[in-house]
Amino acid sequence: MGLSACDGRADGVSAPRISFVTMGCAKNEVDSAAMARALSGAGYAVVEDVEGADVIVINTCSFIQAATEESLEAIFEAARLPRVAAGDAAIVVAGCMPARYGDDLADELEEARAFVPCSKEDDIVAVVEAIVGPVPAAAGETATSAGAPAELARPAFSYVKISDGCDRFCSYCTIPHIRGRYHSFPYEDIRTAVAREVAQGAREIVLIAQDTGRWGQDLPGGRDLAWLVDALAGAFPDTWLRVMYVQPEGVTDALLAVMAARENVCSYLDIPLQHVSEPLLRAMNRPGSAEKFAAAIEHIRALVPDITLRTTLIAGFPGETEGEFEALCDFVAEAPFDYVGVFPYSREEGTAAYDLPDQLDEDEKAERAQILRDVADTACAARVAARIGRSYRVLVEGAEEDGQLYGRAQCQAPEVDGVTFIEAGEISSFVDVVITDTLLYEMEGE
Ligand code: SF4
């Protein structure tokens, strides 16, 4: 595109402006926030305004084809912005796409000035500096006053990553190829990240990773997820802690005991099962069976009776017979879960499942996914409706345009489980309400 080292600076004195576009999941949001902090720390102005930015960092997602296409569309959209088209601003493509496609991407995507795969995101300052040059000495104050991107500013809750990568190699999944082997972050780093988010106003910390239940296994000292959650809950007693993405083997009695004992640990588990057919689970390179999952859920509910359970399921995996699909629907219909995420199988190049026989066609996969969603909606809505008359503590998160306040109870994870509408309360504070009505996944309290 022909940017020189100092292109994109409005006056040669101000700090270059860097804007972020974040695609995909919460883990990417955490990574974008970390890159934004590094750039702010180096004196760059991290701004919300993409159109006025000198560098646009697009943190991409590509774990399935549809996500790759969305990320490509975001890159093409940024490339059409007047300053980018004129050569006055540059695009940096970061995250999963460069990690998955490597050098092939540089050959195909001339819209991007630089590529920063997940494993190199610590180098973002050097990458940006190579494009727009260092921050002028006189620009310090302007830069630091710009703060973090608005899309990352979450006053009521924040995500904190506790590990990265994955060693499980589920046969359909690209993540181990993109994010590399599992590695836990040290407790001290996690605690520092939680303290920073709490100091910035977060009242709920959502611990995330590809595989949270494995935390600590690769660190010396014998600590595990139960220890981590207990330690953080003790260190931050006024903050809710929530753990997402615990694989079935990661749900230990010790973790459940911490949930039962600590009021500020959300009684909530997101346990991805993906299917209940034993042959299909083996083809997915995953453990379990319908009987084992049913027994595990009964055990969990016996130890933590008020727990909320969420899962994710794949419809239309290669070789899924009609009988296996019906068995999956029956399992969900029996309502062991409060929330269910359903995804049609996505055939991804480079994964073991890509070469499996008996691939279903796209229409069949989409149809099965919709049938399963409908079954889940009926079963889960009934569980949500059963909360009417019960008391819940709600974290007040904001107000809609008409002034209607809303928040979330511990049974509602951010961004996926709906909200609770309430009558009164201060934003970012907790209020106790009785649920008076529900509509599918939304609740109303007074
Ligand atoms: S547990 Fe399986 S589905 Fe989840 S990130 Fe690891 S390989 Fe992928």
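**Ligand pocket and fold, term by term**

User: What makes you say where the ligand sits?

Analyst: The ligand sits in the largest pocket. Sitting there means that more than half of its atoms lie within 2 Å of the grid points. A pocket, on a 1 Å grid over the protein atoms alone, is an open set with protein on both sides within 12 Å along at least five of seven lines. One caveat: this is a predicted model, where local features need pLDDT of at least 70, side-chain atom pairs count only at pLDDT 80 or more, and totals for chains, interfaces and linings use all residues. Residues are numbered from 1 along each chain, and side-chain values use heavy atoms, with hydrogens and water left out.

User: Which residues surround the ligand?

Analyst: Among them are Cys166, Arg168, Phe169, Tyr172, Gln210, Gln247 and Arg286; the criterion is a heavy atom within 4 Å. By class, the shell has seven nonpolar, two polar and two charged residues. Cys, Phe and Tyr count as nonpolar here, and Arg as charged.

User: Why is Arg301 called buried or exposed?

Analyst: Buried means under 20% relative accessible area, exposed over 50%, partly exposed in between (1.4 Å probe, protein chains only). Arg301 comes in at 18%, so it counts as buried. Of the 446 residues in the protein, 53% are buried.

User: How do you know whether the radius of gyration agrees with a compact globule?

Analyst: The rule is 2.2 Å times the number of residues to the power 0.38, with the radius taken over C-alpha atoms. For 446 residues that gives a value near 22 Å, and the protein has 23 Å, so the two agree.

Definitions and conventions
On a 1 Å grid over the protein atoms alone, a cavity is a set of points where a 1.4 Å probe fits but cannot get out, and a pocket is an open set with protein on both sides within 12 Å along at least five of seven lines; lining residues have an atom within 4 Å of a point.
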